[in-house]
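Me: Please take a close look at one part of this model, the contact between its two chains. For context, add how the parts within one chain meet.

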Number of protein chains: 2
Amino acid sequence: MEIQVIGVQGLPLIRKGDDLPALICDRVTFEDGDILTIASSVYSKAKGFTRDLATITPSADAVRIAAKTKEDPRFVQAVLDSSSDILLEHPFILSEVPSGHIGVRAGVDHSNIEDGRIIILPPDPMGAAAEIRDAIQRITKKDVRVIITDTCGRSFRRGQTGIAIGWAGMTAINDYRGDTDLFGHVLEITEEAVVDEIAAFANFLMGESHQGVPAVVFRNCRVWNGHDAVYFTPEEDIVRAALKKSKKD
Amino acid sequence: MEIQVIGVQGLPLIRKGDDLPALICDRVTFEDGDILTIASSVYSKAKGFTRDLATITPSADAVRIAAKTKEDPRFVQAVLDSSSDILLEHPFILSEVPSGHIGVRAGVDHSNIEDGRIIILPPDPMGAAAEIRDAIQRITKKDVRVIITDTCGRSFRRGQTGIAIGWAGMTAINDYRGDTDLFGHVLEITEEAVVDEIAAFANFLMGESHQGVPAVVFRNCRVWNGHDAVYFTPEEDIVRAALKKSKKD
């Protein structure tokens, strides 16, 4: 069992209007079953999901939060605009975005873009993954699975890791419930968040700095069955409840 | 840039006293710089870090918590014995172990072991990684990096992923602070938890069921610089504080 993980080299700086699937297909000979991971930042740049700080007027809420987080109130306004629920206001904004993902600063980023501009997350990341998958199928006739990744902090541990915000051609979670272990016991609670495990290692190849590659191909990965319910409901989410409660106190 | 990720096939069921590094070296031709990931469960089994439930007498605390989590009070006692701080008692025990890792049920597991026995995490996972690294160097004369992995749930997202609990020959976190992005901006806050990104994808190959492979080799990975401070101090840890506060209420 060997998997090849290949960074897509030589992509130009992506600009609004660029045909990202075509640019990637020029540089990769895809095989059926490949998993293509793409950084959400380059998808957003190609699609124009960026904003000019100069055009943003901060609300009173943004000014109030910015005073606590010591950030540009216009940047904070962009975070609020991208958020459907605020879990924490400081020392950093932690919020839910409409797709269900909960992350720091709603994934709004001022790295790897010109001064004065910011990148926002794709508003429909599942649709984005399906769109890339369809485009690659049209260009190459190959059946490629796609994951849109972002980097995000996590509880209890320092540092960011890659996570999946959108996927197509696969389920997010490999559901082992009902399968048996080495000793024949039925596994009762095991659900493996496979898309996040792949996105994490994709991020290791992507890197964060100027050496980065924004797309990574995984070849020879197994197929799995499961479901897409990767986001807790608010009622199920113990940490979210504790944070919202502590925000009110 | 291509990385090969190789599952170590054909390992026997590991029992107490087995020479795990020798068994792995029989099945892998290592190269300098390889990263070997090993599931903590097989390391624990080789070293005898398992317990017999019949020998455990639950305390009043264990009986009280077990009534809420609907688990065997002896299992709960084993979780308490492995924990240095309890963050949450139910619907599942979330606790810190002495190494600093915070996880569900302190990593105590009754899967992939005989009925009536449980596997506990290696008490010194950093030492475990160093020991495996040294043994492989003695056997093969190759400079191999080692990560001990566990599976663990996370906040805000359903499903478990692989994480690193011990590592040797590398730092946990790639510290990009001071590096520049594609537009020359200095990156101020970016720290990438590289060992966890590698452990996550290792877990994808390991699987959870009877098809599992407990060791995975990563070949041709880049080297990075950083630090090992992967665990927040209690003062820095916002989620921990909110959970402990909500536990008291």
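Reply: The contact between the chains comes first, and the contact between the domains of chain A follows.

The model is predicted. Chain A and chain B each put 83 residues into their contact. Together they bury about 7,200 Å², and carbon and sulfur atoms account for 60% of that area. On the side of chain A, the three residues that supply more than any other three are A:F156, A:R158 and A:F204, with 14% of the area that chain A buries against chain B.

Polar links also cross this interface. There are 31 residue pairs in polar contact between chain A and chain B, counted where both residues have pLDDT 80 or more. The rule finds 6 salt bridges across the interface. In one salt bridge, the side chains of A:D196 and B:R154 meet at 2.7 Å, N to O. The elements of chain A that give two or more residues to the side touching chain B are β1 (2-7), β4 (85-88), β9, β11 (191-192), α6 (194-206) and α7 (238-248). Of the elements, α6(A) gives the most, with 9 residues. By class, this side of chain A has 40 nonpolar, 22 polar and 21 charged residues.

Strand pairing also links the two chains. β1(A) is joined to β1 of chain B, residues 2-7, by 5 bridges, and the two strands run antiparallel. Within this pairing, A:I3 stands opposite B:V5 in β1(B).

Now the contact inside chain A. The domain assignment splits chain A into domain 1 (1-49 + 125-236) and domain 2 (53-121). Their centres, taken over C-alpha atoms, are 25 Å apart. In this contact, 13 residues of domain 1 of chain A meet 12 residues of domain 2 of chain A. The area buried between the two domains is about 1,000 Å², with 60% from carbon and sulfur atoms. In domain 1, A:K45, A:F49 and A:Y231 lose the most area to domain 2, together 40% of what that side buries.

Across this domain interface the rule finds 1 salt bridge. The side chains of A:R15 and A:E114 meet in a salt bridge at 3.7 Å, N to O. The count of residue pairs in polar contact between the domains, both at pLDDT 80 or more, is 3. On the side of domain 1 that touches domain 2, two or more residues each come from α2 (40-47), β8 (145-152) and β9 (161-168) of chain A. α2(A) gives the most to that side, with 4 residues. The side has 6 nonpolar, 3 polar and 4 charged residues.

Conventions:
Residues numbered from 1 in each chain as written. Chains lettered and ligands numbered in written order. Predicted model: local features only at pLDDT ≥ 70, side-chain atom pairs only at ≥ 80, totals over all residues. Heavy atoms only, no water. Domains from an automatic or database assignment. Contact = heavy atoms within 4.5 Å. Buried area = accessible area lost by both parts, 1.4 Å probe. Salt bridge = Lys/Arg side-chain N within 4 Å of Asp/Glu carboxyl O. Polar contact = N/O pair within 3.5 Å; in protein donor to acceptor, adjacent residues only side chain to side chain. Nonpolar A, V, L, I, M, F, W, Y, C, P; charged D, E, K, R; others polar. Pairing = 2+ DSSP bridges.
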